[in-house]
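Hello,

Here is the structure I promised to pass on to you. Have a look at it first, and then read on for what turned up.

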Amino acid sequence: MEEQVLSILQMQELEKLGIDTNCGSMYWHNYNTNDDPQYELCSNADVGDITTFTLQDILEMLPKNIMHSNKQNKTCNYKLCTFDNKVMYTFNSFDQCWLKCTYGKNLLEAAFYMLKWCKQNNHL
């Protein structure tokens, strides 16, 4: 289950970029009250829990379309596409023309990278 949500470090990266991380649907709960925190994943928030994103959370945050002007000053509508371990904004599904493509060890990681790119490029 842990591979189906972002890690605490990934959530901290998103927070540093200015992304609202309070809207995640899962939580990391520290079940060790000592100085050595140990976390488990849970679906109900408790005081002190750290919100995390699932793949679905990220896909809902990403824009479905991005308008972008190319070198010829032609504005193109790029659509969000996902497959394998890639997330991309493509001109159309039959074309190799894409604006941005991110890869990861899984679709969640690729979506995480795309969310960061969208924030850094003012698409959120």
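To start with a small one: in which strand does C42 lie? The answer is strand β2, which covers residues 39-42. Please keep in mind throughout that this is a predicted model.

C42 is a good place to begin looking around. Leaving out residues up to four places away in sequence, C42 touches M26, Y27, H29 and D49. W28 is 14 residues from C42 along the chain, and the C-alpha atoms of the two are separated by 6.3 Å.

Now for the whole chain. You will find 3 helices and 7 strands in it. Read from the N terminus, the order of elements is α-β-β-β-α-β-β-β-β-α. The chain has 124 residues, and 39% of them count as buried. Its accessible surface comes to about 7,900 Å², with 46% of that belonging to carbon and sulfur atoms. As for contacts between residues at least 6 apart in sequence, 45% join residues at least 24 apart.

Next, helix α1, which spans residues 8-16 and holds Q10. Is Q10 buried or exposed? Its relative accessibility is 17%, and buried means under 20%, so Q10 counts as buried. The side chain of Q10 also reaches the backbone nitrogen of S7, at 2.8 Å.

Further along the chain, strand β6 (residues 86-90) is mostly covered, with 4 of its 5 residues buried. Which way does β6 pair with strand β7, parallel or antiparallel? The two pair in the antiparallel sense, over 5 bridges, and β7 takes in residues 98-103. If you want a spot to zoom in on, V87 stands opposite T102 in β7.

Finally, the cysteines. How many disulfides are there? The count comes to 0. For C81, the nearest cysteine sulfur is that of C101, 9.8 Å away, and C81 is in no disulfide. C101 is in no disulfide either, and its nearest cysteine sulfur is that of C81, at 9.8 Å. A disulfide would need the two sulfur atoms within 2.5 Å, so this pair does not qualify. C81 has 18% relative accessibility and therefore counts as buried. C101 is at 9%, so C101 counts as buried as well.

That is the tour. Happy exploring!

Best wishes

Definitions and conventions: Residues are numbered from 1 along each chain as its sequence is written. This is a predicted model: local features need pLDDT of at least 70, side-chain atom pairs count only at pLDDT 80 or more; totals for chains, interfaces and linings use all residues. Side-chain values use heavy atoms; hydrogens and water are left out. Buried means under 20% relative accessible area, exposed over 50%, partly exposed in between (1.4 Å probe, protein chains only). A polar contact is a pair of N or O atoms within 3.5 Å; within protein, one must be able to donate a hydrogen and the other to accept it, and residues adjacent in sequence count only if both atoms are side-chain atoms. Contact means heavy atoms within 4.5 Å. Accessible areas come from the Shrake-Rupley method with a 1.4 Å probe; for residues, only the protein chains shown count as cover. Two strands pair if DSSP finds at least two bridges between them.
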